[in-house]
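Trainee: I am new to this structure and would be grateful for a close look at a single part of it. Please set that part within the whole chain as you explain.

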Amino acid sequence: MTAWQIDLLTALDTLPCEQAVFARITAAARQLGFEHCAFGLRAPWPLQAPETVMLNNYSDAWQAHYAQEGYLACDPTIRRGLCSTDPLVWSD
């Protein structure tokens, strides 16, 4: 894990809500040169229906397309996120 990732994850532990976390992630993404980013969190409780939070700054049109096509069910970033808490940065 790189220094910026460690700094970001450390800062996230002190933020009061998911909107504050997403604001920090968005700022870090912009510093890395990315225009868009997404953040997802699935709480481990309740066991039968765990709460899921998904935030992103993609256009409304892309979000509607993503939902309409059912990409959530096959998105490889979702599968990776279920196995790792490390930030995922796309490469070329």
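Mentor: The account below begins with the chain as a whole, turns to a nonpolar surface patch, and then visits several individual residues.

The model is a predicted one. Its protein chain contains four helices and two strands. Read from the N terminus, the elements follow the order α-α-β-β-α-α. Along the principal axes, the C-alpha trace of the protein chain extends over about 35 × 35 × 20 Å. The protein chain has 92 residues, of which 17% are buried. Its accessible surface amounts to about 7100 Å², and carbon and sulfur atoms account for 58% of that surface. Of the contacts in the protein chain between residues at least 6 apart in sequence, 25% link residues that are at least 24 apart. As for charge, the protein chain carries 5 positive and 10 negative charges, and the mean positions of these two sets are 3 Å apart.

Against this background, the part to examine is the patch. Trp4, Leu32, Phe34 and Val89 together make a nonpolar surface patch of about 310 Å². One of these residues, Trp4, belongs to helix H1, which covers residues 3–12. The relative accessible area of Trp4 is 30%, and Trp4 is therefore classed as partly exposed, since that class lies between the buried limit of under 20% and the exposed limit of over 50%. Ala3 is also in helix H1. With a relative accessibility of 55%, Ala3 counts as exposed. From Ala3 to Thr52, 49 residues away along the chain, the C-alpha separation is 28 Å.

The patch also includes Val89, and the account now moves to Leu88. Leu88 is located in the segment that follows helix H4 (76–83). Its relative accessible area is 40%, so Leu88 is partly exposed. Apart from neighbours within four places in sequence, Leu88 has contacts with Thr77 and Arg80. Leu88 and Gln5 are separated by 83 residues in sequence, yet their C-alpha atoms are 9.9 Å apart in space. Gln5 can serve as a reference for another residue as well: the C-alpha atoms of Gln5 and Ala61 are 30 Å apart, with their positions 56 residues apart along the chain. Ala61 itself is part of helix H3, residues 60–68. The relative accessible area of Ala61 is 58%, and Ala61 is therefore exposed.

A buried position offers a contrast with these. Thr26 sits in helix H2, which comprises residues 18–31. Because its relative accessible area is 9%, Thr26 is buried. When residues up to four places away in sequence are set aside, Thr26 touches Cys37 and Asn57.

One loop residue completes the survey. Glu69 lies in the loop that connects H3 and H4. A relative accessibility of 44% places Glu69 among the partly exposed residues. Glu69 and Leu47 are 22 residues apart along the chain, and their C-alpha atoms are 27 Å apart.

To return to the part under study, the patch consists of Trp4, Leu32, Phe34 and Val89. Trp4 places helix H1 in that patch.

How values were computed:
Residues are numbered from 1 along each chain as its sequence is written. This is a predicted model: local features need pLDDT of at least 70, side-chain atom pairs count only at pLDDT 80 or more; totals for chains, interfaces and linings use all residues. Side-chain values use heavy atoms; hydrogens and water are left out. Patches are made of residues with over 30% relative accessible area and no salt bridge: like charges are joined within 9 Å, nonpolar side chains (Val, Leu, Ile, Met, Phe, Trp, Tyr) within 5 Å. Accessible areas come from the Shrake-Rupley method with a 1.4 Å probe; for residues, only the protein chains shown count as cover. A salt bridge is a side-chain nitrogen of Lys or Arg within 4 Å of a carboxyl oxygen of Asp or Glu. Buried means under 20% relative accessible area, exposed over 50%, partly exposed in between (1.4 Å probe, protein chains only). Contact means heavy atoms within 4.5 Å. Lys and Arg count as positive and Asp and Glu as negative; His and the chain ends are not counted. The place of a charge is taken as NZ of Lys, CZ of Arg, CG of Asp or CD of Glu.
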